[in-house]
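Q: I've got a model open and I'd like to learn how to read it feature by feature. Could you walk me through it?

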Amino acid sequence: MVRFLSLSLLALAAGSAFAAPQGGQEVILDDPAHTLEGWSYENCGLPEDVIQLESISVTPDPPQPGKELTVTAVGTATDVIEDGAYADVVVKLGLVKLLSRTFDVCQEARTANTSIQCPVQKGKYTVVQSVVLPREIPRAKFTVNVRGYTANDDPMLCLDLKVDFMKPPFYRFW
């Protein structure tokens with residue numbers, strides 16, 4: 001289950017490199033940290049990173065165990081992404097590290113049979129990825145740190161995600 005969750009979040013984080021290019025889109029969010037109802041992300045990347053992430057959105061918000069999650073990511077590849085690109089992913093539950101793994105970004109794209117394969121050309125991309133989250137996801141708060149690198153070990157993407165699967169302690173009254 002941890003691998004499934006981490007791969008889903010990896011798709012969310014790095015997906016902007018593996019979708020059909022879109023022209024004429026504008027930046028949706030400019031702030032480095034984005035807090036939403038049940039999850040948040042921080043684009044910790046630098047202006048010289050190969051992938052310039054512009055926005056991430058999820059439906060439903062907040063994500064729910066046992067339900068389909070659709071993730072939309074928008075970003076720009078400022079350079080060609082070639083075979084050998086990789087992402088270091090760490091998934092934590094509180095202070096406990098559940099997973100620390102390096103993923104071959106191009107191999108993951110081939111395995112998932114995405115429409116764009118390496119080498120990924122320069123350009124603006126939008127990716128929409130849907131996955132069904134397992135019902136067995138514990139009611140807890142997860143942190144996912146993603147650090148992507150090119151085949152030449154240049155910084156490609158930096159993203160920190162927080163996903164809260166805990167039920168609110170009190171009902172909301174409107």
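**Reading salt bridges, strands and charge**

A: Sure, and let's begin with one residue: Lys124 is buried, at a relative accessible area of 17%. Keep in mind that this is a predicted model.

Q: Which cut-off makes a residue buried?

A: Buried means under 20% relative accessible area, while over 50% is exposed and the range in between is partly exposed. Lys124, at 17%, therefore falls on the buried side. Across the protein chain, buried residues account for 41% of the 174 residues.

Q: Which side chain does Lys124 meet in a salt bridge?

A: Glu54 is the partner, with 3.3 Å from N to O. Glu54 sits in strand 3 (residues 51-59) and Lys124 in strand 7 (residues 123-132), so this salt bridge ties together parts 70 residues apart in sequence. Glu54 counts as buried too, with 10% relative accessibility.

Q: How many salt bridges does the structure hold?

A: There are three. Another one joins the side chains of Arg110 and Asp83, at 2.9 Å from N to O. Here again distant parts of the chain are linked: Arg110 belongs to helix 2 (residues 105-111), Asp83 to the loop between strand 4 and strand 5, and 27 residues separate them. Check the burial as well: Arg110 is partly exposed at 37% relative accessibility, and Asp83 is partly exposed at 44%.

Q: What about the salt bridge of Asp160: which residue is its partner?

A: Arg147, and the closest N and O atoms are 2.8 Å apart. This pair connects Asp160 in strand 9 with Arg147 in strand 8, 13 residues apart. Asp160 counts as buried at 18% relative accessibility, whereas Arg147 is partly exposed at 26%.

Q: Let's zoom out. How do I read the order of helices and strands in the protein chain?

A: Follow the sequence and write down each element as you meet it. For this protein chain you get α-β-β-β-β-β-β-α-β-β-β, which comes to two helices and nine strands.

Q: Back to strand 9, then. Which strands does strand 9 pair with?

A: Look for the bridges on either partner. Strand 8 (residues 141-149) pairs with strand 9 in the antiparallel sense, over nine bridges. Strand 2 (residues 39-43) pairs with strand 9 in the antiparallel sense as well, over five bridges. Lys162 in strand 9 is a handy place to see both pairings: Thr143 stands opposite Lys162, and Ser40 stands opposite Lys162 too.

Q: Why is strand 9 described as largely enclosed?

A: Count its buried residues. Seven of the ten residues of strand 9 (residues 155-164) are buried, so the rest of the structure largely encloses this strand. While you're tracing it, remember a general point: side chains in a regular strand alternate between the two faces of the sheet.

Q: What should I look at in the hairpin of strand 8 and strand 9?

A: Start with the connection and its backbone angles. Five residues lie between the two strands, and Asp153 takes a positive phi near 65°.

Q: And which residues form the negative surface patch?

A: For a patch, look for neighbouring side chains of like charge. Asp153 turns up again here, forming a negative surface patch with Asp79, Glu82 and Asp154. Glu82 comes from the loop between strand 4 (68-77) and strand 5 (86-93), and Glu82 is partly exposed, with a relative accessible area of 47%.

Key: Residues numbered from 1 in each chain as written. Predicted model: local features only at pLDDT ≥ 70, side-chain atom pairs only at ≥ 80, totals over all residues. Heavy atoms only, no water. Buried < 20%, exposed > 50% of the residue type's maximum accessible area, 1.4 Å probe, protein only. Helix = DSSP H or I, 4+ residues; strand = E, 2+ residues; numbered from the N terminus. Pairing = 2+ DSSP bridges. Patch = residues over 30% accessible without salt bridge, like charges linked within 9 Å, V, L, I, M, F, W, Y side chains within 5 Å. Areas by Shrake-Rupley, 256 points an atom, 1.4 Å probe, with all protein chains shown as cover. Salt bridge = Lys/Arg side-chain N within 4 Å of Asp/Glu carboxyl O. Lys, Arg positive; Asp, Glu negative; His and termini not counted. Charge placed at Lys NZ, Arg CZ, Asp CG, Glu CD.
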